[in-house]
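Trainee: I've got a new structure to look at, and I'd like to learn how to read its sheet and its symmetry. Can you walk me through it?

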Number of protein chains: 2
Amino acid sequence: MLERFHVPEKDRVYVQQERVRAATEAILRHSGVSARGAKDSAEVLITNDLRGVESHGVSNGLRRYVRQYASKELNPRPKPKILKETSTTARVDGDFALGTEVGIWCMNMAIEKARAHGVGAVSLKNTGHLAGCGYYAYMATEHDMLGHMMTAGGGHQTVPTFGAKPLFGTNPVAWAAPAGKMPPYLLDVATTQVAGNKIELARRVGATLYPGWIAKKDGTPIMEEVPAPPAGTYYMLPFGGTRENGSHKAYGIALMNEIWCNELSGMGPGPLLDHAGGSFFAAYSIEAFTDLKEFKKNMDRMLEECANCPPAPGFERVLYPGLSEHEEFVSRSRDGIPYHREVVDWFESYCAETGIKAPLR
Amino acid sequence: MLERFHVPEKDRVYVQQERVRAATEAILRHSGVSARGAKDSAEVLITNDLRGVESHGVSNGLRRYVRQYASKELNPRPKPKILKETSTTARVDGDFALGTEVGIWCMNMAIEKARAHGVGAVSLKNTGHLAGCGYYAYMATEHDMLGHMMTAGGGHQTVPTFGAKPLFGTNPVAWAAPAGKMPPYLLDVATTQVAGNKIELARRVGATLYPGWIAKKDGTPIMEEVPAPPAGTYYMLPFGGTRENGSHKAYGIALMNEIWCNELSGMGPGPLLDHAGGSFFAAYSIEAFTDLKEFKKNMDRMLEECANCPPAPGFERVLYPGLSEHEEFVSRSRDGIPYHREVVDWFESYCAETGIKAPLR
């Protein structure tokens, strides 16, 4: 994540993951979620925080989920239904579960199908927020599989290249692959210049947005550096920002996401219907294609080649997707997760109000 | 394609597709290729030309393939071998066929597996040039399936974000999905700012390259508009161009391509081994997930929404991937394909030298 998105040192409160995990589970349980559901959702959110993906951890998400459970927008006791199924595919109705709960369920189904038949793919409709895609794609790597996961929620934010009307959400995509001794490859990115949550985060930490990150409401990319503007005053751009920098490619990938997530799940076009978006989960068994040991040895060589790539002038090092996330995971597991004190305040006041005993510090 | 890549009007020779198809087949036959192989390869190349993807048609490719057959780098009579197979997956050794020949064979295998079991995925090693990915992904749409195809050849061209050493080729990716009455969705893009062939094409038509399209040999992005430089004097950049414009996302997708194509096929790391790259083909049966008619109706609504999106100031219209390709296909099928006269000269002199009777005009 760019430096400007990190919580400034003076505002940081380091919290041990066991504590924030317990508090998150307790808060979800208080909203009526089952023990298993609360455990799974906390696992997704805290893993994101441990990986440094705090835009998709508890800071931005949890209080919203609590509101959505309270307003019955989310179902705390969902019964996911399989609407159609083959040996390798399934279409699931999530029964308005929080996405973090039913997402794990769907990815496990894709993994089991891939274990039995080589490939597994699951299409999901009717859920709440998935909190990014990386967690689910990564799950496949723990079963020696390639993982792929996408979700298409929150339309009406992102203009297509050359367009003035916002059609898409941030339409994130994730792919993951295991290695031997190197940390797994894990790409988890919005197809916009910046994840929606990061604009909120930028506002919280007082960071500015780069040129070409957002568009005016007539679709024109804003080519100056500007403070994060209030919601409703701008549109998002596909990454690249302009046609010349390849934004049409990111728009095309956003549209792939829309089709795979919304049309395949039967939710229908995100830009035309007021829904929270469908999702797509896939796992590919590596052994169904090739020798697993050789694959992992080659992955190690490939990922080392990336990590050892000499940097261009002015840069410290070359990363690969998943490497800094792994390093953050190790250091935050040891030192705690640096939350903004405002987030810790919310936890503490919510727990005080509701009588939940789960101290963060 | 950007205007600067089009063949200038004064240099255009319009050729009817039947003529260039016949000439291409005859030239490939003259290199020893089977009737079926020549037909399939011509079909991929001429379809690319008809779609306006002339960077992956006969102009850049054919004379190279002829040289590669002559030097025995390509095998004119390949016997593809299935190295591993499950109901949904296969790994294929292409026996050094031209990729356009064995690519159709592999995509058909993925489609048949998807028809029988819901999903099909095929990994391919040891081939020549595939001529882009779009043709193969599109094949799935003709069977009411989603298509996905990638290939990872020609490493040592593209630096990773922040890097000074070129690790990747242009690592193109394609996805396709059918609609009802609207032309199919078809995304076929390099993960670099510009396809490798397009720099050659830019040199031929005298076009310049935009800022951020290529890097100096120390990895620094060149942020001025420059004429297309000679091969060997620059490196390519992932699309987006810089970290701030999301090049790390395109780098991450290029690495996904590398893993799915080279590690899964058993070819091994492209940057470390001097090979032409593996490929990945996948098809997903729409009916294995959802109702096909409803899917197509929703696709029409979605694609119409894109095509009807009001343009931002200064732009004429909003496209979706596959729309202008379809329009080009219709007009070029009718009016002929506008080749650069230098390309037509090559065909004519090659046919004259070899006694092939296949006039282009």
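Mentor: Sure. One definition before we start: two strands count as paired if DSSP finds at least two bridges between them. And keep in mind that this is a predicted model.

Trainee: Got it. In what order do the seven strands of the open sheet in chain A come?

Mentor: In general, strands of a sheet pair through backbone hydrogen bonds, either parallel or antiparallel. Here the order is E2-E3-E4-E12-E5-E6-E7, with mixed pairing. Strands E2 (81-85) and E7 (185-189) of chain A are the edges, each pairing on one side only. From one strand to the next, the twist averages 15 degrees.

Trainee: In which sense do E4 and E12 of chain A pair?

Mentor: Antiparallel, over six bridges, between residues 119-127 and 279-285 of chain A. Within that pair, Ala121(A) sits opposite Ala282(A).

Trainee: And which strands does helix H4 of chain A touch?

Mentor: H4 (residues 99-117) packs on the sheet against E3, E4, E5 and E12 of chain A, and its direction makes about 160 degrees with that of E4(A). The other chain joins in as well: H7 (residues 247-263) of chain B lies across E5, E6 and E7 of chain A, at about 140 degrees to E7(A).

Trainee: What turn lays chain A on chain B?

Mentor: Generally, two copies of a chain are related by a rotation about an axis and a shift along it. In this model the turn is 180 degrees and the shift 0.0 Å, with an RMSD of 0.0 Å. The copies are therefore related as by a two-fold rotation axis. Gly240(A) is the residue of chain A that comes closest to that axis, at 2.0 Å (C-alpha).

Trainee: Why do we say the copies meet through the same surface?

Mentor: Because 100% of the interface residues of chain A are also interface residues in chain B.

How values were computed. Residues numbered from 1 in each chain as written. Chains lettered and ligands numbered in written order. Predicted model: local features only at pLDDT ≥ 70, side-chain atom pairs only at ≥ 80, totals over all residues. Helix = DSSP H or I, 4+ residues; strand = E, 2+ residues; numbered from the N terminus. Axes fitted to C-alpha atoms, helices over the stretch in contact; angles between N-to-C directions. Contact = placed C-beta atoms within 7 Å. Least-squares fit on C-alpha atoms with pLDDT ≥ 70 in both.
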